[in-house]
Amino acid sequence: MAGLNVSIAFFSLVVGVCQVLRQLSKRLLSPGAYGCLAREFAGSLQLCTSCLELRMLLEIGLWGGGFGPDVVLTLLFLLFVVHGASFDGASANPTISLQEFLLLESNLAATAAKLLAQGVGMGMGWAVTKLYWSWELTHFHLIQNLIASECSSSIHTSLHHAAFVEGTCSFFFHLVLLKLCQSHPIYRVPALAATVTFLTYTAVPFTGAFFNPALAAATTFHCSGSSFWDYIQVYWLGPLAGMLAALLLYQGNIPRLFQKNLLYSQKSKYKIPKARMVAQVEGDKVQQKRKGEKSNSEPCA
């Protein structure tokens, strides 16, 4: 239990440091630089360090600490609630940034800056967590250091099935995100945290349940057991395909690529007043009645 308390203290410290970084950046940088660089960097750093520590607890905690996946999933839910409340609008996920670009909510330069900041933040999070593990504050970290050099791939199924799993997780995550994007944070944050927790519980045995290309690259790309191209297919192309499918299903089109709605008929922007609609219907009935009387009075050929 002492090891778990150290991990919780680490989570709290990381969130606090990243929050200080956000506040300082907001004061020192312009709104554009803060939104595209500093905010995404801090969010990615926070997400990567938290997920690496959780991954360690999931792999070692079952037999090293005597607690099961329910403890890790509870921590995962609570952490994503904290992330959603503290990220200040950052996505820390390349597929979300690309989704914003395809929805015309972000231009190419801003999207490229966000992707760069996310990659640097994830890399920094990996380095910080490795340094923290090297201190061996708990027996969990001691074991982690012993097996770190021989980590194996998170893909525990066939390549096509793994890509399908990551794509499906990304599809449902983005579908919920699109549905709740206009909702109040008090509803959106726990709903997204519950979605991530459920998808993680479902997909962890197959792929590790990342559905975040930057997080997967920082966490598992260096492990042996799968080639670089295998990782690209599963952890990059799979989530990207899932995001595109969710966007197409929700919007009916991809605004950046084409404006025509491919799935849903367009409704008129202008609503006809109810009284005018009733009068129009009654007028049509009278006109049809007159035509019927006229046709009855004409001789048959």
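A residue is called buried here when its relative accessible area is under 20%, and exposed when that area is over 50%. The structure described in this report is a predicted model.

## Salt bridges

The structure contains 3 salt bridges. They are listed below with the separation of their nitrogen and oxygen atoms.

| Pair | N to O distance | Source |
|---|---|---|
| Asp88 and Lys26 | 3.2 Å | side chains |
| Arg55 and Glu59 | 3.5 Å | closest N and O atoms |
| Glu100 and Lys114 | 3.1 Å | side chains |

In the salt bridge between Glu100 and Lys114, distant parts of the chain are linked: Glu100 belongs to helix H4 and Lys114 to helix H5 (residues 108–134), with their positions 14 residues apart in sequence. By the cut-off given at the outset, Glu100 and Lys114 are both buried.

The salt bridge between Asp88 and Lys26 joins a loop to a helix. Asp88 is located in the loop between helix H3 (69–86) and helix H4 (94–102), while Lys26 is part of helix H1 (residues 2–28), so the pair ties together parts that are 62 residues apart in sequence. Asp88 has a relative accessible area of 33% and is partly exposed. Lys26, with a relative accessible area of 41%, is also partly exposed.

Arg55 and Glu59 form their salt bridge inside a single element. Both residues lie in helix H2 (residues 31–64), where 4 residues, about one turn of the helix, separate them. Glu59 is partly exposed, its relative accessible area being 40%.

## Helix H3 and the loop after it

The 18 residues of H3 should span 26 Å at 1.5 Å a residue, and the end C-alpha atoms of H3 are 25 Å apart, which agrees. The buried residues of H3 are Val72, Leu73, Leu75, Leu76, Leu79, His83 and Ser86. When H3 is seen down its axis, these buried residues fall within an arc of 160°, so they line one face of the helix. Asp70 and Ala85 are exposed residues on the face of H3 turned away from its buried side.

Most residues other than glycine have a negative phi. Asp88, which follows H3, has a positive phi near 60°. In the loop between H3 and H4 lies Ala92, which has a positive phi of about 55° although it is not a glycine. Ala92 counts as buried, at 0% relative accessibility.

Another loop, between helix H8 (185–207) and helix H9 (213–219), holds Ala209. Ala209 is not a glycine, yet its phi is positive, at about 60°. The relative accessible area of Ala209 is 9%, and the residue is buried.

## Nonpolar cores and buried contacts

The largest nonpolar core has 42 residues, of which Leu54, Leu57, Met122 and Tyr235 touch the most other members. Two or more residues of this core come from each of H1, H2, H3, H5, helix H6 (139–147), H9 and helix H10 (228–251). H2 gives the most to this core, with 9 residues.

Leu57 shows the surroundings of one core member in detail. Apart from its neighbours within four places in sequence, Leu57 is in contact with Leu4, Ser7, Leu62, Phe67, Val72, Leu75 and Phe140. Val72 and Leu75 are among the buried residues of H3.

A second, separate core has 11 residues, including Val165, Cys169, Leu177 and Ala209. The loop residue Ala209, described above as buried, is thus one of the members named for this core.

Thr129 is found in helix H5 and counts as buried, at 1% relative accessibility. Leaving aside neighbours within four places in sequence, Thr129 is in contact with Phe10, Thr49 and Leu52.

## Annotated transmembrane regions

An unreviewed UniProt entry carries the annotation "transmembrane region" for residues 6–24, 60–82, 189–211 and 231–250. In the model, residues 6–24 are 100% helix and 0% strand, with end C-alpha atoms 27 Å apart. Residues 231–250 are likewise 100% helix and 0% strand, and the end C-alpha atoms of this span lie 28 Å apart.

How values were computed: Residues are numbered from 1 along each chain as its sequence is written. This is a predicted model: local features need pLDDT of at least 70, side-chain atom pairs count only at pLDDT 80 or more; totals for chains, interfaces and linings use all residues. Side-chain values use heavy atoms; hydrogens and water are left out. A salt bridge is a side-chain nitrogen of Lys or Arg within 4 Å of a carboxyl oxygen of Asp or Glu. Buried means under 20% relative accessible area, exposed over 50%, partly exposed in between (1.4 Å probe, protein chains only). UniProt positions are given in the numbering used here, feature names are shortened, and annotations may be inferred rather than shown by experiment. The expected span of a helix is 1.5 Å times one less than its number of residues. The arc is that of the directions from the helix axis to the C-beta atoms. Contact means heavy atoms within 4.5 Å. A nonpolar core is a set of buried Ala, Val, Leu, Ile, Met, Phe, Trp, Tyr and Cys residues joined through side-chain atoms within 4.5 Å.
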